[in-house]
Amino acid sequence: MKIFIDTAEVSELKLIAETGLVDGVTTNPSLIAKSGRKIADAIAEICALIPGPISAEAVANDYDTLLAEGRFLAKIAPNVVVKLPLTPVGLKVCKTLSDEGTPVNVTLCFSAVQALLAAKAGATYISPFIGRLDDNGFDGMELIREIRVIYDNYGFETQILAASARTANHVRDAALAGADCATLPPAVFQALYKHVLTDLGLEAFMKDWAKTGQSIL
Ligand code: G3P
């Protein structure tokens, strides 16, 4: 499963990129606002830092402006993925951009039939929001499972990008359900390393090692 980081904070991304485990980055208008950066500057810097797909979200309500925004964002760097909302206009622009060869990430997906429409519109990625579904009493992971079945039934190549992940268990369950990618806030990425038995085991090994008086080098 590809791991994307869900942030527009370049300083955080620099540290996480050093792990060598990051395949890409996703941003959204809220994350750009939080960063305090101009979208074009932030996206250009992130694209230079991480060679994988970097999602940058367009925000207009009408077809012509949304398409112009998408084309503008796509020109920032060759690894930009244009992120578009799952609306009639968003999917129309998705079709146009996809036909032009620009990869699109369709966002704000909360149902399997929405995901079906995005695949038919040529989306490269579909972003089901697991955490927000769970927050509102729905089952986010069930949506991932449904989309997996539908895409496999019809051979759609649209990649399932599990979004709005809140916990390491979300990442585990999305991987088990066959999501192609997951996008994680930095804290959730760091949580993937953690297990209490790893910490306790390491502590015991280090104590015993110290008793040997050896050094490996
Ligand atoms: O970027 C899309 C998604 O990951 C947002 O997550 O935490 O705002 O629900 P969240």
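This is a short tour of one chain, stop by stop, with something to select at each.

**Before you start**

The model is predicted, so local features need pLDDT of at least 70 and side-chain atom pairs count only at pLDDT 80 or more, while totals for chains, interfaces and linings use all residues. Residue numbers run from 1 along each chain as its sequence is written, and side-chain values use heavy atoms, with hydrogens and water left out.

**Stop 1: the whole chain**

Show everything as a cartoon. You'll find 11 helices and eight strands; helices (H or I, at least four residues) and strands (E, at least two) are DSSP runs, numbered from the N terminus. Along the principal axes, the C-alpha atoms fill a box of roughly 70 × 40 × 30 Å. Of the 217 residues, 45% are buried (buried is under 20% relative accessible area, exposed is over 50%, and partly exposed lies in between, with a 1.4 Å probe and protein chains only). Among contacts with a separation of 6 or more, 56% join residues 24 or more positions apart; a contact means heavy atoms within 4.5 Å.

**Stop 2: helix α4**

Select residues 63-74. The 12 residues of α4 should span 16 Å at 1.5 Å a residue, and the end C-alpha atoms are indeed 16 Å apart (the expected span is 1.5 Å times one less than the number of residues). Now pick out Leu66, Leu67, Gly70 and Leu73, the buried residues of α4. They sit on the same side of α4 because they cover an arc of only 125° around the axis, where the arc is that of the directions from the helix axis to the C-beta atoms. What do they pack against? Try α3 (39-49), β3 (54-57), β4 (80-85) and α5 (88-99). Spin the view to the face turned away from the buried side of α4, and there are the exposed residues Asp64 and Phe72.

**Stop 3: Glu69**

Stay in α4 and click Glu69. Is Glu69 buried, partly exposed or exposed? It counts as partly exposed because its relative accessibility is 23%. Leaving aside residues up to four places away in sequence, Glu69 touches Ala58, Val59 and Ala60. Then find Thr7: it lies 62 residues from Glu69 in sequence and 20 Å away in space, C-alpha to C-alpha.

**Stop 4: helix α5 and its crossing with α4**

Next, select α5. Its 12 residues reach 17 Å from first C-alpha to last, close to the 16 Å expected at 1.5 Å a residue. The buried residues here are Gly90, Leu91, Val93, Cys94, Thr96, Leu97 and Ser98, and they pack against α4, β4, β5 (104-109) and α6.

Show α4 and α5 together: their axes come within 9 Å and cross at roughly 45° (axes are lines fitted to C-alpha atoms, for helices over the stretch in contact, and angles run from 0 to 180 degrees between N-to-C directions). That makes α4 oblique to α5; angles under 35 degrees count as roughly parallel, over 145 as roughly antiparallel, 65 to 115 as roughly perpendicular and the rest as oblique. On the α4 side, Tyr63, Leu66, Leu67, Gly70 and Arg71 meet Val89, Gly90, Lys92, Val93, Thr96 and Leu97 of α5. After α5, look for Gly101, whose phi is positive, near 95°.

**Last stop: α6 and α8**

Finish with residues 112-120 (α6) and 140-154 (α8), whose axes come within 9 Å and cross at roughly 40°. That makes this pair oblique too. Ala112, Ala115, Leu116 and Ala119 of α6 make the contact with Leu143, Glu146, Ile147, Ile150 and Tyr151 of α8.
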